[in-house]
Amino acid sequence: MIIMGIDPGFAITGYGVVKYEGNKFSVLDYSAITTGASMKFSDRLLVLYNELEKLIDKYKPDAISIEELFFNKNIKTALTVGHGRGVAVLAAAKSGIDIFEYTPLQVKQSVVGYGRAEKAQIQQMVKAILNLPAIPKPDDVADALAVAICHGNSHRMGTLLGNGRF
């Protein structure tokens, strides 16, 4: 199974593509899509959409997992991140690939085994699980890989429990 994980954002959207086979993960690609602050709002969304579409076409994932937004006290930040998330969901939906959404709590629980894990713990586990030489940077990339790992683990549990959704 090939899984694409997305940590949506506006200025930075992290992505990670992993292969999950035989209870083992291997990384195929990971990086970040960035847009410049000087760009027009609509152009930033277009860049994000086009880049995600290229990645989906290139890797043809079996599933796309996207992190759900957490409550943000800064409403302007929450809205701009929400726009980026909407573009990510649109790109995934247009591809016809199944989309799975996970809360930060679910991701932490799945990757670290503790829902209140610190960011550094998640990053270390992503590095270990994927046998990476270093923690992926920026943080959004490690988060995207964590979301992909979360889906692999959830898929495995769904299969073990006979859950037909996965």
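This is a short talk about the annotated binding site, the salt bridges, an aromatic pair and a helix crossing in one predicted model.

Okay, thanks everyone. Keep in mind throughout that we're looking at a prediction.

Let me start with the binding site. The UniProt entry, which is unreviewed, puts a "binding site" annotation on D7 and D140. Those two span 134 residues in sequence, but their C-alpha atoms are no more than 5.9 Å apart, so they gather at one spot.

So where do they sit? D7 belongs to strand β1, which covers residues 2-7. D140 belongs to helix α5, residues 139-160. So the annotation takes in one residue from a strand and one from a helix.

Is D7 buried or exposed? Buried: its relative accessibility is 7%, and the cut-off for buried is under 20%.

Now, who's around them? If we skip anything up to four places away in sequence, D7 touches I12, T13, G14, E67, D140, D143 and A144. Do the equivalent for D140 and you get D7, I12 and G14. So I12 and G14 turn up on both lists, and the two annotated residues touch each other.

Hang on to D143 from that D7 list, because that residue takes us to the salt bridges, and D143 is in one of them, with K119. The closest N and O atoms of K119 and D143 are 2.9 Å apart. K119 is in helix α4, residues 119-129, while D143 is in helix α5, so this pair ties together parts that are 24 residues apart in sequence. The two ends have their own settings: K119 is partly exposed at 38% relative accessible area, and D143 is buried at 12%.

How many salt bridges are there in total? Six. I'll show you two others.

One of them is K54 with E51, at 3.1 Å from N to O. Both residues are in helix α1, residues 41-59, and they're three residues apart, which puts about one helical turn between them. K54 is exposed, with 52% relative accessible area, and E51 is partly exposed, with 30%.

The other is E21 with K19, where the N to O distance is 3.8 Å. Here E21 is exposed at 54%, and K19 is partly exposed at 32%.

Right between those two in the numbering you'll find Y20, which brings me to the aromatics. The model has two aromatic pairs. In one of them, Y20 and F25 have ring centres 4.4 Å apart and planes at 35°, so we call that pair tilted. Both Y20 and F25 are buried.

Last stop: helix packing. We've already met α1 through K54 and E51. What does α1 cross? Helix α2, residues 75-95: the two axes come within 9 Å and cross at roughly 35°. That crossing is right-handed.

If you want to click through the contacts, the α1 side has F41, L45, L48, Y49, L52, E53 and I56. Facing them from α2 are H83, G84, V87, A88, L90, A91, A92, K94 and S95.

So, to recap: D7 and D140 gather at one spot, D7 also touches D143, and D143 carries on to K119 in α4 through a salt bridge. Elsewhere, α1 and α2 make a right-handed crossing. That's what I have, thanks.

Terms used: Residues numbered from 1 in each chain as written. Predicted model: local features only at pLDDT ≥ 70, side-chain atom pairs only at ≥ 80, totals over all residues. Heavy atoms only, no water. UniProt positions renumbered as here; feature names shortened; annotations may be inferred. Helix = DSSP H or I, 4+ residues; strand = E, 2+ residues; numbered from the N terminus. Buried < 20%, exposed > 50% of the residue type's maximum accessible area, 1.4 Å probe, protein only. Contact = heavy atoms within 4.5 Å. Salt bridge = Lys/Arg side-chain N within 4 Å of Asp/Glu carboxyl O. Phe/Tyr/Trp six-rings, centres within 6.5 Å; stacked < 30°, edge-to-face > 60°. Axes fitted to C-alpha atoms, helices over the stretch in contact; angles between N-to-C directions. Left-handed = near helix turned anticlockwise from the far one by under 90°.
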